[in-house]
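Here are my notes on this model, as promised. Have the structure open while you read.

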Amino acid sequence: MADKELDRLLFDRIWALGAKAVQDNQISALADATLSTPTLEEYQNSHGERMSDLIKVIKLGIAQLR
């Protein structure tokens, strides 16, 4: 499997865990960010407040992996 494909799989897994944490913990400030699942490329190309919200969801996902 190519590294880029592995990166996408890891991103998708982390995103899913972060989105679940947002839902389970009823974090309303991030609810809009989790309405759709961004691709790795969309995540990398986002800016401003959207990027900030996506990073917060990713951080929650990483915390769930620990």
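The points below go from the overall fold to the core, the salt bridges and a few single residues.

1. Overall make-up. Keep in mind that this is a predicted model. The protein chain has four helices and zero strands, so reading from the N terminus you simply get α-α-α-α. The C-alpha atoms fit a box of roughly 35 × 25 × 15 Å along the principal axes.

2. Does the size suit a globule or not? The radius of gyration is 12 Å, and a compact globule of 66 residues would come out near 11 Å, so the chain agrees with that expectation. On contacts, counting pairs at least 6 apart in sequence, 59% join residues at least 24 apart.

3. Surface and burial. Of the 66 residues, 29% count as buried. The chain exposes about 4,700 Å², and carbon and sulfur atoms supply 51% of that area.

4. The core. In soluble globular proteins, nonpolar side chains tend to be buried together. Here the largest nonpolar core has 13 residues, and Phe-11, Trp-15, Tyr-43, Val-57 and Ile-58 are the ones with the most contacts inside it. Helix H1, helix H3 (40–45) and helix H4 (48–65) each supply at least two residues of this core, with H1 giving the most, five residues.

5. Phe-11 is worth clicking on. Setting aside neighbours within four places in sequence, Phe-11 is in contact with Pro-38, Thr-39, Leu-40, Tyr-43 and Ile-58. Two of these partners, Tyr-43 and Ile-58, are also on the list of core residues with the most contacts.

6. Ala-19, buried or exposed? Ala-19 sits in helix H1 and has a relative accessible area of 18%, under the 20% cut-off, so it is buried. Beyond neighbours within four places in sequence, Ala-19 is in contact with Thr-34 and Val-57. Leu-40 is another matter: it lies 21 residues from Ala-19 in sequence, and their C-alpha atoms are 15 Å apart.

7. Salt bridge across the chain. The structure holds two salt bridges. One pairs Glu-41 with Arg-8, with the closest N and O atoms 2.4 Å apart. Glu-41 is in helix H3 and Arg-8 in helix H1, 33 residues apart, so this pair links distant parts of the chain. Both are partly exposed: Glu-41 has a relative accessible area of 25%, and Arg-8 has 34%.

8. Salt bridge within a helix. Asp-24 pairs with Lys-20, the closest N and O atoms being 2.6 Å apart. Both lie in helix H1, four residues apart, which is about one turn of the helix. Asp-24 counts as partly exposed at 47% relative accessibility, and Lys-20 is partly exposed at 47%.

9. A backbone point to check. Most residues other than glycine have a negative phi. Gln-26, however, has a phi near 50°, a positive value in a residue other than glycine. Gln-26 lies in the loop between H1 and helix H2 (28–31). At 70% relative accessibility, Gln-26 is over the 50% cut-off and therefore counts as exposed.

10. Nonpolar groups on the outside. Which residues form the nonpolar patch on the surface? Met-1, Leu-6 and Leu-9 do, with about 320 Å² of accessible area together. Met-1 belongs to the segment before helix H1 (3–24) and is exposed, with a relative accessible area of 67%.

Definitions and conventions
Residues numbered from 1 in each chain as written. Predicted model: local features only at pLDDT ≥ 70, side-chain atom pairs only at ≥ 80, totals over all residues. Heavy atoms only, no water. Patch = residues over 30% accessible without salt bridge, like charges linked within 9 Å, V, L, I, M, F, W, Y side chains within 5 Å. Areas by Shrake-Rupley, 256 points an atom, 1.4 Å probe, with all protein chains shown as cover. Salt bridge = Lys/Arg side-chain N within 4 Å of Asp/Glu carboxyl O. Buried < 20%, exposed > 50% of the residue type's maximum accessible area, 1.4 Å probe, protein only. Rg over C-alpha atoms; globule rule 2.2 N^0.38 Å. Contact = heavy atoms within 4.5 Å. Core = buried A, V, L, I, M, F, W, Y, C linked by side-chain atoms within 4.5 Å.
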